[in-house]
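Open the model in your viewer and keep the sequence beside it. The stops below are given in the order in which to select them.

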Amino acid sequence: MRILVHLSDLHFGRVDYSVVEPLIEKVSELKPDVLVVSGDLTQRARSQQFKEAREFLDRLPKPQIIVPGNHDVPMHNAYARFFKGLNKYRRFITDDLEPFYSDAEIAVLGLNTARRFTIKYGRVNAEQIAAIRERLCAFDDDKVTKMIVTHHPFDLPEGGDESELVGRARLAMETIAMCGADVLLAGHLHVGHTGESSARYKIAGHSALVVSAGTATSTRGRGEPNSFNVLRIKHPFINVERLSWAAESNRFTPSSTEHFKHTPDGWTRVPDEMAAEITYSDEKTSVPPTDS
Ligand SMILES: [Fe+2]
Ligand SMILES: [Fe+2]
């Protein structure tokens, strides 16, 4: 089994500091095999905000797969936007805009979808689609769960604004399907959500599990408390648990748990009554139960 913790939209500069220490504590306790941060680390791409984000990341488990979001490119200073772009992100967070992690059970590829020519929207380009092919296609579909991390999402909760979708998604989905990619992790919406890609992209024999994370630390919650996701992966199963901030107990507690299974048509939801039969833990890994 592998444990992946998925944080997003930290927005240092607009952070609720009361959630930061409990978040670090909870994530550390989960002992993830990999930590994902799907963009918007800062509110305005200022040095001080990146510095705070850097200090926060230094206190969290590694390895980390981090991608930038639209807020990590300077917004209001046109000169900085066009000529400096992600310079501060590269300086304080990471110079690697295509981070990759793999082991015997999972492969995780991060792609930068933030663009300096557009303030809010994002997209994938031809080189990134080639990177999906190079990095993920070779892994054995029956052994390795293949995941892609972007800031802008490939799918939306019901009623979502289609302009928030990552640009060139349909083109990328063809390669994603061809390489048997299983899970698409994203942020940007500030809303926790899971879905199946086949609802939007009709590709025979393929349906990726689409997972959006809410904002882990910012005050920009769009009606939801701060939250993050924990994925427990044991092929052919994945459990997506959302942990949400409970102000009354001052900690992150489980607010939803969903189980998915890989079938010949792709990833499909396991009904709750059958989920109890699934065992995720194995002898090598002891999983502390998330407290309620
Ligand atoms: Fe955001
Ligand atoms: Fe964003």
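The tour of this predicted model starts at a metal site and then moves to the nonpolar core.

**Stop 1: the iron ion (ligand 1).** Select the iron ion (ligand 1) and show its donors: Asp-9 (OD), His-11 (NE2), Asp-40 (OD) and His-190 (NE2), at 2.0 to 2.2 Å. The angles subtended by these four donor atoms run from 87 to 176°, which makes the arrangement irregular. To find the donor residues in the sequence, use the spacing D-x1-H-x28-D-x149-H.

**Stop 2: the two histidines.** Now select His-11 and His-190, which lie 179 residues apart and link distant parts of the chain. His-11 is in the loop between β1 (2-7) and α1 (20-30), while His-190 is in the loop between β7 (183-186) and β8 (193-196). Both His-11 and His-190 are buried.

**Stop 3: the second iron.** Add the iron ion (ligand 2), 3.5 Å from the iron ion (ligand 1). Asp-40 coordinates both ions.

**Stop 4: Leu-41.** Select Leu-41 and display its contacts beyond four places in sequence; among them are Leu-10, His-11, Phe-12, Asp-72, Tyr-89 and Ile-93. His-11, from the iron site, is thus also a contact of Leu-41.

**Stop 5: the largest nonpolar core.** This core has 39 residues, and those touching the most other members are Leu-7, Leu-41, Phe-56, Ile-93 and Phe-228. Colour the elements that give two or more residues to the core: β1, α1, β2 (34-38), α2 (47-58), α4 (87-92), β10 (227-234) and β11 (237-246). Which element gives the most to this core? Select α1, which gives five residues.

How values were computed
Residues are numbered from 1 along each chain as its sequence is written. Chains are lettered from A and ligands numbered from 1 in the order in which they are written. This is a predicted model: local features need pLDDT of at least 70, side-chain atom pairs count only at pLDDT 80 or more; totals for chains, interfaces and linings use all residues. Side-chain values use heavy atoms; hydrogens and water are left out. Donors are N, O and S atoms within 2.8 Å of the metal (3.2 Å for Na, K and Ca); water is not among the atoms, so sites may look incomplete. Four donors count as tetrahedral if all angles lie between 85 and 135 degrees; four count as square planar and six as octahedral if opposite donors are over 155 degrees apart and all others between 65 and 115; anything else is irregular. Helices (H or I, at least four residues) and strands (E, at least two) are DSSP runs, numbered from the N terminus. Buried means under 20% relative accessible area, exposed over 50%, partly exposed in between (1.4 Å probe, protein chains only). A nonpolar core is a set of buried Ala, Val, Leu, Ile, Met, Phe, Trp, Tyr and Cys residues joined through side-chain atoms within 4.5 Å. Contact means heavy atoms within 4.5 Å.
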